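Work through the exercises below with the sequence and the structure at hand. Each task is followed by a solution in steps.

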Amino acid sequence: MELARRVFCSMLLAFAVGSVGAADLGTARPEAVGMSTQRLNRLTTEMKAVAERGDVPGVVTMVARKGKVVHLEAAGKRELEGGTPMQKDSIFRIYSMTKPITGVAMMILFEQGKWQLNDPVSKYIPEFADLKVAKVDPASGTVTTVPSNHPMTMRELMSHSGGLSYGIFGATAVDRHYVENRVFDMTQPMQTFIERLAKAPLLFQPGERWHYSVAVDVQGYLVEKLSGQPFPEFLQQHVFGPLKMVDTAFHVPAQKLSRLAEFYYRDKAGNSVKHPGIADYSQPPVFPSGGGGLASTASDYMRFCQMLLNGGVLDGQRILSPLSVKLMRTNMLPESARTMGPGTGFGLDFAVVENPAASGGYGGEGTYFWGGYAGTWFWIDPVYQLIVVGMIQQRGDDTPDLRALSRSLTYQAIVEE
């Protein structure tokens with residue numbers, strides 16, 4: 001009788017926390033991992049309120065501590081036009097949350113001895129052998145170039161300090177070159193991207209400062225070159241398959257398209273409207289973007305994060321060594337190159353919190369994180385053994401800072417360190 005009662009209670013708990021992949025990590029009551037159910041419910045309440053106010057169309061949040069999922073909730077709408085409710089297994093365009101996954105792929109090859117941090121990128125991409133740096137005359141605006149003072153290194157490439165830019169997010173002469181010469185053109189293969197990028201001037205001397213860039217798309221290309229496999233195939237074989245990330249890929253199969261969340265932005269009147277010109281996720285892309293091409297779910301991304309928090313292993317499947325994970329979350333920027341904000345550095349495809357109080361107050365030293373263009377976010381806290389994943393489908397214009405809000409509402413629920 002007692003056994004039956006325990007089984008029944010376990011089933012109720014699994015239903016309450018959620019299913020769809022979350023059970024693979026194991027679920028627990030918050031109290032079992034030093035958190036308060038009552039306090040953690042504030043996260044559920046506030047995320048529901050954000051969606052009901054129309055600040056975002058919908059949201060899925062997921063929290064795990066000490067390897068157990070204690071929160072998985074969905075609120076709002078997956079798509080506004082038909083009023084379809086958001087579901088816990090909704091698939092999202094995760095955009096730049098692709099970057100840490102590409103970084104893990106690079107580190108798998110690092111462990112195989114395929115490259116070293118201080119190698120010049122041109123050792124593996126000959127087109128980068130003679131990169132020039134833009135020099136703009138402040139009076140006339142004329143752009144000339146000067147030689148780089150040293151070849152861009154793999155360390156600089158993976159820490160966004162190599163001098164590359166993005167084009168679509170900036171207004172410099174270099175960004176204009178990217179746009180006018182269609183450097184970052186998703187309709188063209190990766191080789192075309194590399195050839196065009198090699199002809200663009202660097203924004204600054206390699207290593208001079210941190211600047212968000214197409215560097216991780218270059219890394220996706222490198223994964224193909226160093227492994228001899230197509231990038232999507234490499235990720236499936238070495239990351240998604242072993243981690244049972246069943247809903248993560250560069251496209252969404254026909255049978256899953258009904259789960260793909262629509263993508264919105266806020267217009268001048270403050271209304272959420274469909275984002276124009278987004279990529280077609282129903283077909284494999286010509287350019288599988290290592291910097292922003294993947295679609296995924298909260299549960300899949302949680303499995304990826306838990307592998308990292310575990311030191312590179314999940315359910316007996318080792319993806320990386322603990323030392324490789326530690327290297328990824330170690331700041332790579334010299335003091336003079338930091339532009340990430342107070343208390344924050346940058347590792348290998350992750351931002352890294354070195355001083356929690358300076359960076360925002362809550363969290364453990366060494367917490368690493370990133371987010372995506374459609375509003376998604378995550379962080380991994382090795383001190384408090386905490387992971388939070390948040391998925392929304394709205395560009396950041398006039399959208400509340402849900403990462404900061406979820407940080408407050410999650411950490412305040414920890415009652416036992």
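## Exercise 1: The whole chain

Task: Describe the overall build of the protein, starting from its contacts.

Solution. Among contacts in the protein with a separation of 6 or more, 67% join residues 24 or more positions apart. The model is a predicted one. Next, take the secondary structure: the protein has 13 helices and 16 strands. Then turn to its extent. The C-alpha trace spans about 80 × 50 × 45 Å along the principal axes. For 417 residues, a compact globule would have a radius of gyration near 22 Å, and the protein agrees with this because its own value is 22 Å.

## Exercise 2: Surface and charge

Task: State what share of the residues is buried, and how the accessible surface and the charges are made up.

Solution. Start with burial, for which the cut-off is under 20% relative accessible area. By this rule, 54% of the 417 residues count as buried. The accessible surface of the protein is about 17400 Å², and carbon and sulfur atoms hold 52% of that surface. Last come the charges: there are 40 positive and 40 negative side chains, and the centres of the two sets are 3 Å apart.

## Exercise 3: The nonpolar cores

Task: Find the largest nonpolar core and the residues with the most contacts inside it, then follow L164 to its partners.

Solution. In soluble globular proteins, nonpolar side chains tend to be buried together. The largest nonpolar core here has 118 residues. Those with the most contacts inside this core are V104, W115, L164, V218, Y301, F304 and V389. Now take L164, leaving aside neighbours within four places in sequence: its contacts include M152, L157, Y178, L197 and L202. H211, Y212, S213, V214, A215 and V218 are also in contact with L164. A second core, separate from the largest one, has 8 residues, among them I91, Y95, L260 and A374.

## Exercise 4: Helix 6

Task: Which residues of helix 6 are buried, and what covers them?

Solution. Helix 6 runs over residues 173–180, and A173, V174, D175 and Y178 are buried in it. An α-helix has 3.6 residues a turn, so residues three or four places apart point the same way. The cover over the buried residues of helix 6 includes strand 5 (132–136), strand 6 (143–147) and helix 7 (190–198). After helix 6 comes R182, with a positive phi near 50°.

## Exercise 5: The loop before helix 6

Task: Are G162, Y166 and G167 buried or exposed, and what does each of them touch?

Solution. First place the residues. G162 sits in the loop between helix 5 (154–158) and helix 6, as do Y166 and G167.

Second, compare each value with the cut-off of under 20% for buried:

- G162 is buried, because its relative accessible area is 4%.
- Y166 is buried, because its relative accessible area is 6%.
- G167 counts as buried, because its relative accessibility is 4%.

Third, list the contacts, setting aside residues up to four places away in sequence. G162 touches M152, E156, L202, F204, P206 and G207. Y166 touches K99, D175, Y178, F184, Y212, S213, V214, D217 and G291. G167 is in contact with D175, Y178 and V179. D175 and Y178 are buried residues of helix 6.

## Exercise 6: Two positive phi values

Task: Where do D315 and D349 lie, and is each of them buried or exposed?

Solution. Most residues other than glycine have a negative phi. D315 has a positive phi, near 50°, and D349 has a positive phi near 70°. D315 belongs to the loop between strand 10 (313–314) and strand 11 (317–318). D349 belongs to the loop between strand 12 (344–346) and strand 13 (351–353). D315 counts as partly exposed because its relative accessibility is 48%. D349 is buried, because its relative accessible area is 1%.

## Exercise 7: A residue in strand 8

Task: What does S272 touch, and how many Å separate S272 and R395 in space?

Solution. S272 is part of strand 8 (residues 272–274). Beyond four places in sequence, S272 touches G54, P57, L80, Y264, Y265, R266 and Q394. S272 and R395 are 123 residues apart in sequence, while their C-alpha atoms are 9.6 Å apart in space.

Methods: Residues are numbered from 1 along each chain as its sequence is written. Side-chain values use heavy atoms; hydrogens and water are left out. Helices (H or I, at least four residues) and strands (E, at least two) are DSSP runs, numbered from the N terminus. The radius of gyration is taken over C-alpha atoms; the globule rule is 2.2 Å times the number of residues to the power 0.38. Buried means under 20% relative accessible area, exposed over 50%, partly exposed in between (1.4 Å probe, protein chains only). Contact means heavy atoms within 4.5 Å. Accessible areas come from the Shrake-Rupley method with a 1.4 Å probe; for residues, only the protein chains shown count as cover. Lys and Arg count as positive and Asp and Glu as negative; His and the chain ends are not counted. The place of a charge is taken as NZ of Lys, CZ of Arg, CG of Asp or CD of Glu. A nonpolar core is a set of buried Ala, Val, Leu, Ile, Met, Phe, Trp, Tyr and Cys residues joined through side-chain atoms within 4.5 Å.
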